[in-house]
Amino acid sequence: MEQPSAPRAVLFDAYGTLFDVYSVGLTAEQLFPGAGDKLAKLWRDKQIDYTRLVSMSGRYQPFWDLTKAALQASAESLGLPLSTEAQAQLMNQYRHLSAFPENRAVLQALKTAGVPTGILSNGDPDMLSIAVRSAGFTDLLAHVLSVHEIKRFKTDPMAYQIGVNALNLPARDILFVSSNGWDAIGATWFGFTTM
């Protein structure tokens, strides 16, 4: 069996892979004792559902707007009184999600090895910029790529094409890392090496 060659570049999904989307649960728990974890999980599920819905219907909306709508719907579904102040606090927390602690060492090792890295995400450019700065990853990522430029969410093949265009490499030479199974499958179908 032929061993795959080493990737010439590595792209990471942002939300769920580099940044812990459930870290908002701590703030949610402070606001809604006993319901923070449920709210964080439902919020994420609805957020992804909304990206699929607008993609399938051809009615793109920025990821930030979908994230806010998903929060509102999740709070309503759980019977939680989401005040304007609580919504602002949770949305601000989403901009500053905690980074998984092991990622810094991985990104640093790739940089030291001379392997170009980047993010390829559904997130809006402003959301990603703040998250990357907040995590201290600015100097460790050569590219921060958003589907916002094409107004189509992953798993649309055009979303993955952004990475190919930015890196100027064939898809097979790019390793795409995502903790989201649906994203990894979409990237595999597109032609990326995935894990």
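How many aromatic pairs does this structure hold? The count comes to 12 aromatic pairs. Please keep in mind as you explore that this is a predicted model. Let us walk through the rings, then a helix, a few backbone angles, and finally the empty spaces.

## Rings that meet

A pair of aromatic rings is described by the distance of the centres and the angle of the planes. Take Tyr15 and Phe19 as a starting example. Their ring centres are 6.4 Å apart and their planes meet at 45°, so this pair is tilted. Are these two residues buried or exposed? Tyr15 is buried, with a relative accessible area of 3%, and Phe19 is buried as well, at 0%.

Another tilted pair is formed by Tyr160 and Phe190, with 6.0 Å from centre to centre and 35° between the planes. This pair links distant parts of the chain: Tyr160 belongs to helix α7 (residues 157–167) and Phe190 to helix α8 (residues 181–190), 30 residues apart. Tyr160 has a relative accessible area of 0% and is buried, whereas Phe190, at 22%, counts as partly exposed. The cut-off helps here: buried means under 20% relative accessible area, so a value of 22% falls outside that class.

Rings can also gather in groups. One aromatic cluster is formed by Tyr15, Phe19, Trp43, Tyr60, Phe63, Tyr94, Phe137 and Phe153. You have already met Tyr15 and Phe19 as a tilted pair.

Charged side chains find rings too. The charged end of Arg52 sits over the ring of Trp182, 5.3 Å from the ring centre. Arg95 lies over the face of Trp64, at 4.0 Å from the centre of that ring.

## A helix with two sides

Now look at helix α5, which covers residues 103–112. Which of its residues are buried? They include Asn103, Leu107 and Leu110. These residues cover an arc of only 60° around the axis, which puts them on the same side of α5. The general rule behind this is worth remembering: an α-helix has 3.6 residues a turn, so residues three or four places apart point the same way. On the other side of α5, Ala105 and Thr112 are exposed.

What covers the buried residues of α5? The cover includes the strands β1 (9–12) and β2 (117–121).

After α5 comes Gly114, with a positive phi near 80°. Val115 is found in the loop between α5 and β2. At 19% relative accessible area, Val115 counts as buried; the limit is under 20%, so this value falls inside the class. Leaving out residues up to four places away in sequence, Val115 touches Pro7, Arg8, Ala9, Val10 and Leu110. Val10 and Val115 are 105 residues apart in sequence, but their C-alpha atoms are 7.2 Å apart in space. Leu110 also appeared above, among the buried residues of α5.

## Backbone angles to notice

Most residues other than glycine have a negative phi, and most peptide bonds are trans. Two residues here that are not glycine have a positive phi, and the table sets them side by side.

| Residue and phi | Location | Relative accessibility |
|---|---|---|
| Lys151, near 60° | loop between β3 (143–146) and α7 | 45%, partly exposed |
| Asn168, about 55° | loop between α7 and β4 (174–177) | 66%, exposed |

## Empty spaces

What is the volume of the largest pocket? The value is about 160 Å³. Its lining is made by Arg52, Val54, Ser55, Gly58, Tyr60, Lys151, Arg152, Phe153, Lys154, Thr155, Asp156 and Trp182. Several names should be familiar: Lys151 is in the table for its positive phi, and Arg52 sits with its charged end over Trp182. Helix α2 (residues 36–57) gives the most to this lining, with 3 residues.

The model also has 1 cavity of 30 Å³ or more. About 40 Å³ of space lies in the largest cavity. Which residues line the largest cavity? They are Asp13, Tyr15, Arg44, Ile48, Phe63, Ser121, Asn122 and Trp182. Among them, Tyr15 and Phe63 are members of the aromatic cluster, and Trp182 also lines the largest pocket.

Definitions and conventions:
Residues numbered from 1 in each chain as written. Predicted model: local features only at pLDDT ≥ 70, side-chain atom pairs only at ≥ 80, totals over all residues. Heavy atoms only, no water. Buried < 20%, exposed > 50% of the residue type's maximum accessible area, 1.4 Å probe, protein only. Helix = DSSP H or I, 4+ residues; strand = E, 2+ residues; numbered from the N terminus. Arc of directions from axis to C-beta. Contact = heavy atoms within 4.5 Å. Phe/Tyr/Trp six-rings, centres within 6.5 Å; stacked < 30°, edge-to-face > 60°. Lys NZ or Arg CZ within 6 Å of the ring centre and 35° of its normal. 1 Å grid on protein atoms, 1.4 Å probe; cavity = no way out; pocket = protein on both sides within 12 Å on 5 of 7 lines; lining within 4 Å. Points joined across faces, edges and corners; volume = space filled by probe spheres on them.
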